[in-house]
Amino acid sequence: MSNKTHGASTDILLDIRGLKTYFHLDEGTVRAVDGVDFTVPRGTTIGIVGESGCGKSVTAFSILQLVEKPGRIEEGSIVLNTGGQNRVDIAALDHDSEELRQIRGKDIGMIFQEPMTSLSMMYTVGFQMTEAIRLHMDVEKDEARDRAIEMLQAVGIPRPEQRFDAYPFELSGGMRQRVMIAMALSCDPMLLIADEPTTALDVTTQAQILELMQQLQEEFGMAIMLITHDLGVVAEMCSEVVVMYLGEVVEQADVDTIFHNPQHPYTQALLESIPRLGHSHEGRLNPILGSVPDPYHRPSGCPFHPRCTQIITGRCETVHPDISRLDPRHTVRCLLHEESHG
Amino acid sequence: MIQYILHRVLLMIPTVFGISILCFGIIQLPPGDFLTFYVAELSAQGESVPEAQIAQLERQYGLGRPWYVQYFLWMKNIITKGDFGRSFTWNKPVSDLIWDRIAFTMLITLLTVVFVWIVALFIGKYAATHQYSLGDYIATFFGFIGLAVPNFLLALLLLYYSLKLFGLSPAGLFSPEYQDAPWSVGKWIDLLAHLWIPIVILGTAGTAGAIRILRANLLDELHKPYVITARAKGVPERTLIWRYPVRVALNPFISTVGWTLPELVSGSIIVSVVLNLPTTGPLLLGALLQQDMFLAGSFILLVSILTVIGTLISDVLLAWLDPRIRFS
Amino acid sequence: MTATPRAATPSALPPVETPESQEDMRLLVAGQWQLMWWRFRKHKVAMVATAVSLLIYFVAIFAEFLAPLPRDHYAADYTFAPPQRIKLILEDEFGNREFHPHVLGYTVEIEAAALRRVFKPDPEQVIELGFFVDGLEEYRVLGIFPSRKHFFGPKDPTQPFYLFGADKLGQDLYSRLIFGTRISMTIGLVGVALSLIFGILLGGVSGLFGGTVDNIIQRTIEFFRAVPSIPLWMGLSAALPDDWDAIKRYFAITVILSILGWTGLARVVRGRFLSLREEDFVMSARLDGVAELGIILRYMLPSFLSHIIASVTLSIPGMILAETSLSFLGLGLRPPVVSWGVLLKDAQRVQVLATAPWLLIAAVPVIVSVLALNYVGDGLRDAADPYSR
């Protein structure tokens with residue numbers, strides 16, 4: 001566990017290229033993730049933001065091949081670099097293969113939106129934690145127990161020895177999310193995927209959980225992929241941001257660029273729609289016009305054009321923009337920039 | 001937990017009381033009482049009953065006194081002496097006749113419950129994890145057939161075909177050579193060799209229902225977040241399904257025993273009549289047709305009470321299996 | 001932040017129009033029965049099952065017309081006569097083949113060893129069949145209009161015609177099955193109607209008042225559900241006096257079946273009552289000052305009527321099976337009343353089954369009707385929630 005190199009931020013842990021995850025329903029195909037590219041550098045926190053239905057959760061689920069039928073990864077690669085020349089394309093693995101199971105829970109841990117239902121009510125916290133530990137680490141029952149208690153302690157659960165034998169329904173929502181984090185980190189993963197980890201919690205608990213995640217990152221050094229619709233959380237936690245709209249990445253940049261120099265009209269609109277200190281738009285917020293289109297009827301051309309305030313009439317309705325690289329770590333998918341960069 | 005069991009046992013008392021009233025009602029419903037029948041029967045054969053014996057029986061069962069006195073005496077005799085009254089057709093105490101029969105009924109019912117559970121568990125799990133596959137459709141279709149075909153019809157069909165194809169009747173629980181033999185290893189094996197037929201016939205309807213329930217519950221559970229959590233931990237798919245969603249889906253499944261058991265007992269009575277099994281069925285039917293009401297009433301009483309106890313045990317089992325109930 | 005004036009680009013915001021918006025409108029204005037029907041119609045199996053069920057009830061209503069023979073007609077000469085096969089083409093002595101539906105009569109031999117009569121088809125005896133033929137006796141259609149016509153049968157009603165064979169009295173099983181349909185199918189309806197009255201009354205009271213009343217009724221329901229049904233039914237029907245006539249017995253049996261049948265319906269009614277009480281539209285009606293009875297009749301009843309109909313349909317098969325079981329045991333209906341269970345009783349003994357396996361045919365309508373009604377009920381239950389999915 002100690003041979004990991006938490007190297008420079010340029011060292012890429014996860015490289016996602018051309019990922020497409022579709023849902024084949026009776027009513028038609030929903031292209032939930034439609035050609036997503038981004039990278040996760042080692043040891044950093046990357047935020048994935050967007051409105052509901054933009055495909056951010058499906059992207060996260062695709063990384064561990066957790067998308068269920070009728071969903072399917074259609075194309076693309078998800079290359080995990082576990083150090084040195086150890087590269088594995090997760091998207092190419094069989095969904096019930098030993099290799100994939102060794103990545104799930106060991107190299108990549110995951111926590112979910114609903115701490116109330118993400119743990120089974122039938123087994124103790126201890127059972128569910130040691131299950132993961134014993135699957136991935138060559139330890140005896142006692143050692144697994146010690147490790148679990150150690151982790152419970154690390155996530156700030158009081159009296160961990162007693163909590164070890166408790167059932168999840170005996171814990172509060174915040175405590176359960178702590179247990180989830182302890183479980184996800186128990187095998188010392190290189191990446192923690194957190195799918196809206198604080199959405200279902202009350203505000204004070206939210207702050208505690210986020211703080212805990214930051215503190216644990218310092219302690220364990222893993223990368224965090226934080227999926228959220230809350231830009232405030234992004235500003236606080238992330239060093240890099242991926243903005244998604246209708247299954248596509250529309251902009252990716254470091255957090256300062258996103259907040260101070262956003263280039264995509266959607267990112268701009270998102271930022272205008274949230275209250276921010278020091279930016280008083282005459283006391284009014286500007287919500288984004290319209291709503292996310294019906295998934296079965298994607299707009300042609302740029303998917304954002306029906307809601308865009310800077311539309312180039314005659315072009316945006318027909319031309320699907322490519323990615324433009326504005327500088328080494330700032331990309332944007334918009335015709336406005338394709339024009340200016342040739 | 002102990003408090004829960006106590007609570008359930010206390011709730012059972014009014015039920016048992018109600019059953020006893022109901023059964024006493026059934027005994028009392030036909031005109032006349034068993035003594036009149038008994039005397040009429042004997043005098044028809046040219047025998048007479050000594051006055052003293054009549055008087056003694058009258059006193060013992062409170063005949064001619066108000067119904068609640070009779071009920072009280074009936075219950076008192078059952079509880080203190082295990083005396084359920086007399087069967088006039090057999091001219092024997094009821095208690096001499098029923099225990100063997102009740103034991104066989106319970107044996108068959110219990111084995112059927114086990115059969116239903118095991119079969120339904122595997123088929124239901126398969127149908128749910130392979131939703132809309134050919135196997136799922138077949139399971140669903142058989143589910144409907146199983147519900148629509150009364151099990152005495154299955155028994156009749158079985159009788160007919162075994163008669164037509166093998167020229168023998170599969171009726172009874174023992175081969176002729178073991179019929180009256182004392183219990184031995186051979187007799188047990190012979191019993192088991194005969195027992196599977198009524199079990200399969202009886203279990204069909206219950207299995208069909210149980211598959212439907214398990215499939216529906218499991219389909220609800222299969223996509224719950226805790227299943228995804230377990231998958232994200234790297235738990236192998238096979239282990240995962242059994243350990244997580246099946247474990248939860250099992251609860252409503254076990255609690256269905258509450259109604260499966262009464263149904264199985266009901267079914268076993270008719271099937272036993274058709275297959276001529278030495279269980280409650282044929283004797284109860286005979287008693288009812290002859291209006292031998294003490295015998296019939298006692299059978300109904302015991303079968304019902306044992307069913308209620310069985311339901312209680314299943315509820316306690318369920319509570320013990322489900323930590324949410326166990327700890328509340 | 002780029003502050004593009006929104007008013008400047010109104011053309012960039014075309015109204016979001018989807019092809020379904022017209023259908024959506026239709027959905028929004030449709031009444032609940034309309035919605036239920038639309039959903040039910042999609043359920044193909046349930047539609048077929050409905051057609052089958054309606055056909056069976058049609059048979060029950062017009063039994064006299066559809067059955068070739070009167071219900072109790074018997075012929076000692078044809079005890080256990082096997083089923084005849086309908087032949088469509090008749091060949092005359094010159095080899096001319098002509099369309100002429102017919103069956104063949106029987107020759108009877110006595111098997112000396114078993115002392116048993118053996119029936120063989122007799123090519124010499126051609127019994128011509130026809131539609132709308134005159135029958136043996138006059139009957140009344142729907143109990144009103146006198147008629148002698150039968151849907152189809154032998155042109156000469158005195159000739160033997162046993163499509164499904166004969167029973168131990170030489171009665172035509174086919175005709176009796178048709179007459180049995182009437183009893184078996186109506187006993188389900190009458191029994192369910194009785195159960196429904198009990199169920200709605202007690203379930204409604206339970207759901208409406210709650211508290212102690214609810215508790216007592218709930219315990220009573222639990223009590224009845226804990227008791228095995230068949231022994232209880234057996235006990236109660238065995239206690240019916242022997243000298244009661246057919247009609248009295250028929251109603252007594254339905255009452256006995258309803259004693260256990262109401263519990264399921266009462267549960268449904270109570271459950272719906274309890275959940276509806278909390279609904280916003282009930283609350284808003286109450287705030288508008290609608291009287292309690294008005295709320296129940298105008299607002300709550302319509303919205304759970306569909307569920308009740310579905311539950312009622314689903315409980316008919318249980319009644320049919322129960323009557324069949326009881327009559328099969330000889331504790332339910334008795335001859336001369338004919339029900340499917342009464343007919344199956346003849347097949348109870350193995351020896352009889354060996355000589356006349358066709359007696360088992362009475363099982364077919366039982367299975368078909370129970371399956372059909374189950375599918376109809378399933379479809380109704382799915383359709384009763386128009387807003388689900």
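## Strand 3 of chain A and its partners

In this predicted model, strand 3 of chain A (residues 45-49) pairs with strand 8 of chain A (residues 223-228) in the parallel sense, over 5 bridges. Within this pairing, Gly47(A) lies opposite Leu226(A) of strand 8 of chain A. Strand 3 of chain A also pairs with strand 9 of chain A (residues 240-245), again in the parallel sense, with 4 bridges between them. Here Val49(A) has Val243(A), in strand 9 of chain A, as its bridge partner.

The burial of strand 3 of chain A extends to 5 of its 5 residues, so the strand is largely enclosed by the rest of the structure. Cover is present on both faces: Thr45(A), Gly47(A) and Val49(A) are buried on one side, and Ile46(A) and Ile48(A) are buried on the other. Gly47(A) is thus a buried residue of the strand and stands opposite Leu226(A); Val49(A), on that side of the strand as well, is bridged to Val243(A).

## Strand 6 of chain A

Strand 6 of chain A, residues 108-111, is likewise covered on both faces. Ile108(A) and Met110(A) are buried on one side, while Gly109(A) and Ile111(A) are buried on the other. The strand pairs in the parallel sense with strand 7 of chain A (residues 191-195) over 4 bridges. Gly109(A), one of the buried residues, is placed opposite Leu192(A) of strand 7 of chain A.

## A loop residue of chain A

Phe169(A) belongs to the loop that lies between helix 5 (160-164) and helix 6 (173-185) of chain A. Its relative accessible area is 25%, and the residue is partly exposed; the threshold for a buried residue is under 20%. Phe169(A) is separated from Met116(A) by 53 residues in sequence, yet their C-alpha atoms are 8.0 Å apart in space.

## The open sheet of chain C

Chain C contains an open sheet of 4 strands in the order 1-2-3-4, with antiparallel pairing. Strand 1 (87-91) and strand 4 (145-154) of chain C form the edges, each pairing on one side only. From one strand to the next, the twist averages 55 degrees. Strands of a sheet pair through backbone hydrogen bonds, in either the parallel or the antiparallel sense.

Strand 2 of chain C (residues 97-111) and strand 3 of chain C (residues 116-141) are joined in the antiparallel sense over 10 bridges. In this pair, Gly105(C) stands opposite Asp122(C) of strand 3 of chain C. Strand 3 of chain C also pairs with strand 4 of chain C, in the antiparallel sense and over 8 bridges. Opposed residues in this second pair include Gly130(C) with Gly153(C) and Leu129(C) with Pro154(C). Strands 3 and 4 of chain C form a hairpin with 3 residues between the strands, in which Leu142(C) adopts a positive phi near 55 degrees.

## Overall character of chain B

Chain B comprises 14 helices and 2 strands. Its C-alpha atoms fill a box of roughly 85 × 55 × 35 Å along the principal axes. The chain has 328 residues, of which 53% count as buried. Of the contacts in chain B between residues at least 6 apart in sequence, 70% join residues at least 24 apart.

The accessible surface of chain B amounts to about 15000 Å², and 67% of this area belongs to carbon and sulfur atoms. The chain carries 21 positive and 19 negative side chains; the centres of these two sets are 13 Å apart.

## Two helices of chain B

Helix 9 of chain B (residues 225-233) has 8 of its 9 residues buried, and it is therefore largely enclosed by the rest of the structure. The buried residues are Tyr226(B), Val227(B), Ile228(B), Thr229(B), Ala230(B), Arg231(B), Ala232(B) and Lys233(B). The positively charged types Arg231(B) and Lys233(B) are thus among the buried residues of this helix. Just after helix 9 of chain B, Gly234(B) has a positive phi of about 95 degrees.

Helix 4 of chain B, residues 67-81, contains Gln70(B). With a relative accessible area of 11%, Gln70(B) is buried, the limit being under 20%. Leaving aside residues up to four places away in sequence, Gln70(B) touches Phe24(B), Gln28(B), Tyr61(B), Gly62(B), Leu63(B), Gly64(B) and Arg65(B).

How values were computed
Residues are numbered from 1 along each chain as its sequence is written. Chains are lettered from A and ligands numbered from 1 in the order in which they are written. This is a predicted model: local features need pLDDT of at least 70, side-chain atom pairs count only at pLDDT 80 or more; totals for chains, interfaces and linings use all residues. Side-chain values use heavy atoms; hydrogens and water are left out. Buried means under 20% relative accessible area, exposed over 50%, partly exposed in between (1.4 Å probe, protein chains only). Two strands pair if DSSP finds at least two bridges between them. Axes are lines fitted to C-alpha atoms, for helices over the stretch in contact, and angles run from 0 to 180 degrees between N-to-C directions. Contact means heavy atoms within 4.5 Å. Accessible areas come from the Shrake-Rupley method with a 1.4 Å probe; for residues, only the protein chains shown count as cover. The place of a charge is taken as NZ of Lys, CZ of Arg, CG of Asp or CD of Glu.
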